[in-house]
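Here's a quick briefing for anyone opening this structure for the first time. Have a look at the sequence and the model, then read on.

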Amino acid sequence: MDATIARNTGSSLAGYAVCGGPDDPLSRREHPEAAHAYRTPFQRDRARTIHSRAFRRLAGKTQVFTHRPSDHFRSRLTHTMEVAQIARAAAGALQLNEDMAEALALVHDIGHPPFGHSGERALDDCLRGHGLRFDHNLHALRIVEFFEQRYAAFRGLNLTLGVREGIVKHSRDYTEAEHPELKEYLLDQQPPLEAQLIDWADEIAYLTADLDDGFESGILRVEHVIEHLPLFRRSFAAVQAQFPAAAEKMLVNEALKQMLGALVDDLIHTTKRRLSVGGIETLADVRKMGERLVGFSPEMEAERAEAKRYLYRYLYQSEELEAAHQEADRVIATLFRCLIVHPELVPNSCAEDVAAEGLPRTVADYMAGMTDQFILAQYGLLKERC
Ligand code: MG
């Protein structure tokens with residue numbers, strides 16, 4: 001069989017990949033289940049995520065724009081699907097476990113509250129007043145462990161240890177001293193390469209997509225991005241030389257596609273080089289490293305960081321989006337206060353959680369699950385009462 005085809009069918013995993021077979025410790029579930037006749041444990045996790053209610057709600061959650069100027073703007077669901085596509089392709093090229101990478105990508109933003117990062121900050125501010133914190137990774141873990149109820153025998157989705165570890169280690173490192181409840185997730189060890197890959201697939205997806213949506217919204221201007229971002233400038237110039245008669249919109253589309261490709265190529269090549277230089281042959285080698293191995297070359301890393309700074313300054317923190325951030329703060333702070341003062345407005349289905357976790361955490365969990373539209377409707381109904 002052709003080597004490329006072998007990789008794409010997942011039949012050729014490198015020694016440092018997660019094997020993911022039924023006997024792999026990372027395939028372990030809290031509630032033991034018999035092996036499936038024709039699906040791997042990570043394929044089952046992917047299916048469980050796609051069929052979950054929290055996953056469907058991502059369609060109604062902000063990626064960058066809460067009030068999307070048209071249906072072509074990304075939601076957190078379409079962002080998630082873009083991450084999954086990139087993660088699976090890069091995992092295949094690195095001979096990693098593609099099913100695990102895809103399952104991790106699909107679940108990576110499942111804990112995001114309404115209103116994107118503004119919503120996360122606002123909920124965290126509310127909880128700080130009660131000596132608690134809100135963190136979307138830990139909320140994602142609670143969703144897959146408790147809040148999804150699809151099985152008669154247990155709460156949660158009963159995902160594999162490998163996917164739960166990936167959720168915990170997405171985009172940050174927790175310490176056991178700070179979070180003793182996460183002990184099971186090998187906090188003193190690096191995550192598998194499949195999990196390391198997700199952070200970068202996420203970043204590649206949103207850097208390119210947010211430029212696209214930024215242009216589409218009229219907040220970003222092509223000439224300004226060309227002037228400030230060499231990564232985009234190079235792609236745009238190459239495309240312009242190849243298609244001198246193409247309309248600007250088409251040049252932008254092609255340039256973003258090239259930019260995405262350049263980031264993914266660099267990530268794959270740099271990671272391969274690091275694995276080879278480090279003599280990494282097994283998952284155990286990956287785990288004991290002092291730092292994560294998946295990453296960009298120093299030159300691309302500088303350009304990535306520059307693109308991110310640019311988006312913060314000219315898109316996420318732009319005057320045009322400021323009103324949406326203020327709306328997020330106002331809606332979340334008001335509704336949180338209202339539900340704390342009037343706990344009878346919290347759905348009866350949360351009663352058990354209030355008893356176990358206390359009212360502030362339960363209110364935050366309830367609100368974090370809401371879509372943008374649902375929380376705005378609740379705010380509209382209750383703002384006069386609170
Ligand atoms: Mg994301």
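## A first tour

Glu33 has a relative accessibility of 29%, so it counts as partly exposed. This is a predicted model, so keep that in mind as you go. Glu33 is a handy place to start, since its side chain meets that of Arg48 in a salt bridge. From there we'll move on to the other salt bridges, the magnesium site, one helix, a pocket and a single arginine.

**Salt bridges**

- The Glu33–Arg48 bridge comes in at 2.7 Å, N to O. It links distant parts of the chain, 15 residues apart: Glu33 sits in the loop between α1 (3-8) and α2 (41-50), while Arg48 is in helix α2.
- Arg48 has a relative accessible area of just 7%, so this partner is buried.
- Over in helix α14 (residues 298-316), Arg304 pairs up with Glu203 of helix α9, with 2.3 Å from N to O. Because the two residues belong to those two helices, the bridge ties together parts of the chain that are 101 residues apart in sequence.
- Both partners are tucked away: Arg304 is buried at a relative accessible area of 10%, and Glu203 is buried at 7% relative accessibility.
- There's also a network, in which salt bridges with shared partners join up Arg74, Glu82, Asp212, Asp213, Glu216 and Lys249.
- The count of salt bridges comes to 35.

**The magnesium site**

- Which residues hold the magnesium ion? His79 and His108 each coordinate through NE2, and Asp109 and Asp202 through OD, at 2.2 to 2.4 Å.
- Along the chain, these donors follow the spacing H-x28-H-D-x92-D.
- Asp109 and Asp202 come from distant parts of the chain, 93 residues apart: Asp109 is in the loop between α5 (98-107) and α6, and Asp202 is in helix α9 (residues 193-217). Both of them are buried.
- Asp109 has a second role here, forming a salt bridge with Arg76 whose closest N and O atoms are 2.8 Å apart. Since Arg76 lies in helix α4 and Asp109 in the loop between α5 and α6, the pair ties together parts 33 residues apart in sequence.
- Relative accessibility is 3% for Asp109, so it counts as buried, and it is 2% for Arg76, so that residue counts as buried too.

**Helix α4**

- Helix α4 covers residues 76-93, and its 18 residues should span 26 Å at 1.5 Å a residue; the end C-alpha atoms are 26 Å apart, so the two agree.
- Its buried residues include Arg76 and His79, along with Leu77, Thr80 and Val83.
- After α4 comes Gln95, with a positive phi near 55°.

**The second largest pocket**

- This pocket holds about 620 Å³ of space. It is lined by 21 residues, and the closest to its centre are Arg53, Arg57, Phe147, Cys350 and Tyr366.
- Which elements give two or more residues to the lining? They are α3 (53-57), α7 (136-147), α16 (351-357) and α17 (359-368).
- By class, the lining is a mix of eight nonpolar, six polar and seven charged residues.

**Arg128**

- You'll find Arg128 in helix α6 (residues 116-128).
- Is Arg128 buried, partly exposed or exposed? With 46% relative accessibility, it counts as partly exposed.
- Arg128 and Pro360 are 232 residues apart in sequence, yet their C-alpha atoms are 9.9 Å apart in space.

Note on methods: Residues are numbered from 1 along each chain as its sequence is written. This is a predicted model: local features need pLDDT of at least 70, side-chain atom pairs count only at pLDDT 80 or more; totals for chains, interfaces and linings use all residues. Side-chain values use heavy atoms; hydrogens and water are left out. On a 1 Å grid over the protein atoms alone, a cavity is a set of points where a 1.4 Å probe fits but cannot get out, and a pocket is an open set with protein on both sides within 12 Å along at least five of seven lines; lining residues have an atom within 4 Å of a point. Grid points are joined across faces, edges and corners, and a volume is the space filled by probe spheres set on the points. Helices (H or I, at least four residues) and strands (E, at least two) are DSSP runs, numbered from the N terminus. Ala, Val, Leu, Ile, Met, Phe, Trp, Tyr, Cys and Pro count as nonpolar, Asp, Glu, Lys and Arg as charged, and the others, Gly among them, as polar. Buried means under 20% relative accessible area, exposed over 50%, partly exposed in between (1.4 Å probe, protein chains only). Donors are N, O and S atoms within 2.8 Å of the metal (3.2 Å for Na, K and Ca); water is not among the atoms, so sites may look incomplete. The expected span of a helix is 1.5 Å times one less than its number of residues. A salt bridge is a side-chain nitrogen of Lys or Arg within 4 Å of a carboxyl oxygen of Asp or Glu.
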